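Hi everyone, thanks for making the time. I'd like to walk you through a structure that may be new to you, going from the whole chain down to a few single residues.

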Amino acid sequence: QAIARKSWGYFDTFATADDHGLPPDNVQVGSELRVAHRTSPTNIGLSLLATLAARDLGFIDTAELVHKIDVTLTTIEGLERFEGHLLNWYDTRTLEPLPPKYVSTVDSGNLAGALLTLSVGLRHIAPDLAARAQALFASIDFTCLYEPKRQLFAIGYRLADTEGAGRLDPAYYDLLASEARLASFIAIAKGDVPEMHWFHLGRSVTSVRGAPVLLSWSATLFEYLMPLLVMRSYPDTLLDQSCRMAVRRQIDY
């Protein structure tokens, strides 16, 4: 539990009232602490799940869980959004979006997965909070990030600004072994995009120790493992084997 307690300590220490219960993106440790007072949807989602896990592990009691989740959900409900999506970066002190205003597909997938998981975890503890988390999840509409001709998600969507009208990013998430597969999975489950989208995600394969392994964009464990925080993994599948062998290859390296 030492690693879990240390991980929780980050959120407990730095997601303060001055930051409206939002976690900073990073903290630099040197002669003095330098806190990056900005946050993303992924950071917020992980903070919510860390709070839920902290209660399950006995680090905080139910009353503190309810208080912390309430503060963060209240903040989220007041943030500027687009089609239900949080924007990619906010100043945690002023709550203003950082320019350019942008919706990130992978970040929205991570937050949606966290909100759905949170709503289930709170169902018997704090049903009112569970309902609020579910409502935020349901409001996220992934259709604005989807390119129907390619049947793929764009990397993101840039909101209208002085440089032009709102527009999809010209790059796309086109690999199954990507951190964005959580967004794909959830968008299909919500009915926002067709099931066939899943089969348009590329399955390019390499070999690790003689076993076939799906290629990601840059071979980071973030790409392979991030979705597994909230998605089930099925043994004896190419995706499960790819995740395991990617870890083994990183250890070898």
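**A walk through the chain**

Let me start with how the chain folds back on itself: of the contacts between residues at least 6 apart in sequence, 61% join residues at least 24 apart. Please keep in mind that this is a predicted model.

Now the overall build. You can count eight helices and 14 strands in the chain. The radius of gyration is 19 Å, close to the 18 Å that the globule rule gives for 253 residues, so the chain is as compact as a globular protein of that length. If you draw a box around the C-alpha atoms along the principal axes, you get roughly 50 × 45 × 45 Å.

How much of the chain is buried? Of the 253 residues, 46% are. As for the outside, the accessible surface comes to about 13000 Å², and carbon and sulfur atoms account for 55% of that.

Let's zoom in on helix 6, which covers residues 181-190. This helix is mostly covered, with seven of its ten residues buried. Those are R181, L182, A183, S184, I186, A187 and I188. And what do the buried residues of helix 6 pack against? The partners are helix 4 (105-122), helix 5 (127-139), strand 9 (152-154), helix 7 (221-225) and helix 8. Right after helix 6 comes G191, and its phi is positive, near 85°.

Helix 8 just came up as a partner of helix 6, so let's go there next. Helix 8 spans residues 238-252, and V247 sits in it. Is V247 buried, partly exposed or exposed? Its relative accessibility is 29%, so V247 counts as partly exposed. Beyond residues up to four places away in sequence, V247 touches L221 and L225. For a sense of distance, take V247 and L33: they are 214 residues apart along the chain, and their C-alpha atoms are separated by 32 Å.

On to charges. Side chains of opposite charge can pair when their charged atoms come close. How many salt bridges does the structure hold? There are 13.

One of them joins D252 and R209, with N and O 2.7 Å apart. This pair links distant parts of the chain: D252 is in helix 8, while R209 is in the loop between strand 13 (205-208) and strand 14 (211-214), 43 residues apart. D252 has a relative accessibility of 41%, so D252 counts as partly exposed. R209, at 56%, counts as exposed.

Another salt bridge is between K68 and D12, at 3.1 Å from N to O. Here too, distant parts of the chain are linked, since K68 lies in helix 3 (residues 62-78) and D12 in helix 1 (residues 2-14), 56 residues apart. D12 is partly exposed, at 36% relative accessibility.

K68 has a second partner to show you: E64 also forms a salt bridge with K68, and the closest N and O atoms are 3.9 Å apart. Both E64 and K68 belong to helix 3, four residues apart, which is about one turn of the helix. An α-helix has 3.6 residues a turn, so residues three or four places apart point the same way. E64 itself is partly exposed, with a relative accessible area of 30%.

There is also a network of salt bridges, linking R158, D161, E163 and R167.

While we are thinking about helix 3, have a look at T72, which lies in it too. With a relative accessible area of 6%, T72 is buried. The T72 side chain reaches the backbone oxygen of G21 at 3.1 Å. Apart from neighbours within four places in sequence, T72 is in contact with G21, L22, I44 and L48.

I've kept E147 for the end. You'll find E147 in strand 8, residues 146-147. E147 is buried yet has no salt bridge. How far away is the nearest side chain of opposite charge? That is R150, at 4.5 Å, and a salt bridge needs the nitrogen and the carboxyl oxygen within 4 Å. What the E147 side chain does reach is the backbone nitrogen of R150, at 2.9 Å. Further along the sequence, beyond neighbours within four places, E147 is in contact with L152, L168 and Y172.

That's the tour. Thanks for listening!

Key: Residues are numbered from 1 along each chain as its sequence is written. This is a predicted model: local features need pLDDT of at least 70, side-chain atom pairs count only at pLDDT 80 or more; totals for chains, interfaces and linings use all residues. Side-chain values use heavy atoms; hydrogens and water are left out. Helices (H or I, at least four residues) and strands (E, at least two) are DSSP runs, numbered from the N terminus. Buried means under 20% relative accessible area, exposed over 50%, partly exposed in between (1.4 Å probe, protein chains only). Lys and Arg count as positive and Asp and Glu as negative; His and the chain ends are not counted. A polar contact is a pair of N or O atoms within 3.5 Å; within protein, one must be able to donate a hydrogen and the other to accept it, and residues adjacent in sequence count only if both atoms are side-chain atoms. Contact means heavy atoms within 4.5 Å. The radius of gyration is taken over C-alpha atoms; the globule rule is 2.2 Å times the number of residues to the power 0.38. Accessible areas come from the Shrake-Rupley method with a 1.4 Å probe; for residues, only the protein chains shown count as cover.
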